[in-house]
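Biologist: Could you walk me through this model, one question at a time? I would like to follow the reasoning behind each answer.

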Amino acid sequence: MSDALSTPDLPLVTRAQLAEAFSRLGVAPGDVVLMHSSLKSLGRMDGGADGAIDAALIAVGPAGHLLMPTHSYCYVNNDGSCAPYDPAASPSRTGLITETFRNRPGAVRSGHPTHSVTAMGPRAAWMASGHAPGGGTFSQSGPHGRYVRLNAKIVFLGATLAANTTYHAVEEWLALPYLPDAPVQVARPGRAPETFVVNRPSGHRSFYRNSGLNLPNPVTEALASRGLIRPAELNDCVLLMVMARDVIRVTTEMELESPGALLCRQDSCAFCELGRHHCVRQREATRRLGLALLAHPEMCDPSHPAAE
Ligand SMILES: [Zn+2]
């Protein structure tokens with residue numbers, strides 16, 4: 001890879017240094033790790049994206065699992081045009097590390113046409129299963145439910161919690177009423193492209209720090225104020241780690257306390273204002289779903305052992 005040559009004034013980050021940073025963050029052999037990442041944040045990474053992936057695999061060890069979002073966003077456009085999702089060919093739109101990861105030998109990508117997850121590890125195929133094109137975008141019986149039940153650590157390598165897909169999983173599991181349906185297409189060998197309808201986590205949220213609206217971010221602040229976001233540094237790169245079950249619990253509790261908790265409160269944001277109105281109207285249904293979720297320690301208590 002040429003990445004290591006592009007900025008010669010920065011110190012070269014080796015695989016061993018990055019693996020050690022993951023360990024300081026709290027990643028241990030045997031862990032299930034979901035990683036959101038920015039290669040640029042590392043400056044000069046020895047081996048580029050592959051080097052960063054190697055380091056994460058070293059940290060989780062041969063018994064552990066590494067997962068990444070490899071979202072392809074294969075929605076059908078307004079004019080009907082679409083690049084149908086093909087797990088073997090559709091590029092990942094969530095960064096060079098993830099695009100490189102999905103092409104690694106042994107990596108298994110899930111079947112969802114917009115929000116696929118790619119896994120490596122002894123049970124990668126099982127990790128990536130249960131994510132069919134017409135099913136939930138963040139189905140509890142697919143990768144998102146599996147990594148929560150397995151007590152995954154969510155790592156942000158030079159990324160912020162604005163990239164935290166698991167917030168959207170909670171939105172889907174609570175059936176929040178501001179998530180629209182959207183058509184997608186899937187390409188399967190020897191067959192004409194098939195159309196499905198999926199839940200699309202579009203629109204605005206308060207946790208998109210880079211939205212340009214410069215809004216406060218109550219959900220990330222709630223996690224941080226409880227001491228649930230662990231940092232580590234490597235040169236100028238900041239790594240963050242949060243337990244998946246902490247995200248589920250804190251976000252669910254916030255939604256039950258204040259309907260539309262993930263939406264912003266800016267007067268000019270019509271999406272969030274309307275979304276909150278709908279959340280208030282269906283708050284009893286949300287409450288039933290939320291209390292059922294909170295009643296399962298394997299979904300919301302990191303001190304509870306990993307479960308399948
Ligand atoms: Zn908004």
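Biologist: Is N235 buried, partly exposed or exposed?

Modeller: This is a predicted model, so the answer is computed from its coordinates. A residue is buried if 20 or more other C-beta atoms lie within 10 Å of its own, and exposed if 12 or fewer do. N235 has 15 such neighbours, so it counts as partly exposed.

Biologist: And where along the chain does N235 sit?

Modeller: N235 is not a glycine, yet its phi is positive, at about 55°. As for its place, it belongs to the loop between β10 (230-234) and β11 (237-243).

Biologist: Y73 caught my eye too; what is its phi?

Modeller: Y73 lies in the loop between β4 (65-69) and α3 (96-102). It is partly exposed because it has 19 C-beta neighbours inside 10 Å, and 20 would be needed to call a residue buried. Its phi is positive although the residue is not glycine, with a value near 50°.

Biologist: Now for the interior. Which helix gives the most to the largest nonpolar core?

Modeller: That core has 74 residues, and those with the most contacts inside it are V33, A52, A56 and V155. The helix contributing most supplies eight residues and spans residues 48-60: it is α2.

Biologist: Which residues does A52 contact, leaving aside neighbours within four places in sequence?

Modeller: A52 is one of the residues with the most contacts inside the largest core. With those sequence neighbours left out, its partners are L18, S37, L39, L42, M45 and I97.

Biologist: How many residues are in the other core, the one that lies apart?

Modeller: Among the members of that core are Y85, V184, V186 and V198. Its size is five residues.

Biologist: How many of the nine residues of helix α6 are buried?

Modeller: Helix α6 covers residues 165-173 and is mostly covered. The elements over its buried residues include α5 (143-149), β7 (153-157), α7 (218-225), α8 (244-257) and α10 (283-294). The buried residues are T166, Y167, H168, A169, V170, E171 and W173, which gives a count of seven.

Biologist: Which residue just after α6 has a positive phi?

Modeller: The phi in question is about 50°, and it belongs to A175.

Biologist: In strand β6, which residues are buried on each side?

Modeller: In a regular strand the side chains alternate between the two faces of the sheet. Strand β6 (residues 117-120) is covered on both faces. One side holds V117 and A119, and the other holds T118 and M120.

Biologist: Which residue of β6 is the bridge partner of L67?

Modeller: Strands β4 and β6 run antiparallel and are joined by four bridges. β6 also pairs with β5 (residues 108-109) in the antiparallel sense, over two bridges, and there V108 stands opposite A119. The partner of L67 is that residue as well: A119.

Biologist: What does P183 touch beyond four places in sequence?

Modeller: P183 is in strand β8 (residues 181-186). It is partly exposed because 15 other C-beta atoms lie within 10 Å. Its contacts beyond four places are V76, T195 and V197.

Biologist: Last one: where does pLDDT stay under 50?

Modeller: The chain averages a pLDDT of 93, and 95% of the residues score at least 70. Where pLDDT is low, the predicted coordinates should not be read in detail. The stretch you ask about has four contacts beyond four places in sequence, and it is residues 210-214.

Conventions. Residues are numbered from 1 along each chain as its sequence is written. This is a predicted model: local features need pLDDT of at least 70, side-chain atom pairs count only at pLDDT 80 or more; totals for chains, interfaces and linings use all residues. A nonpolar core is a set of buried Ala, Val, Leu, Ile, Met, Phe, Trp, Tyr and Cys residues joined through C-beta atoms within 7 Å. Two residues are in contact if their C-beta atoms, placed from the backbone, lie within 7 Å. Two strands pair if DSSP finds at least two bridges between them. pLDDT is the predictor's confidence in each residue, from 0 to 100.
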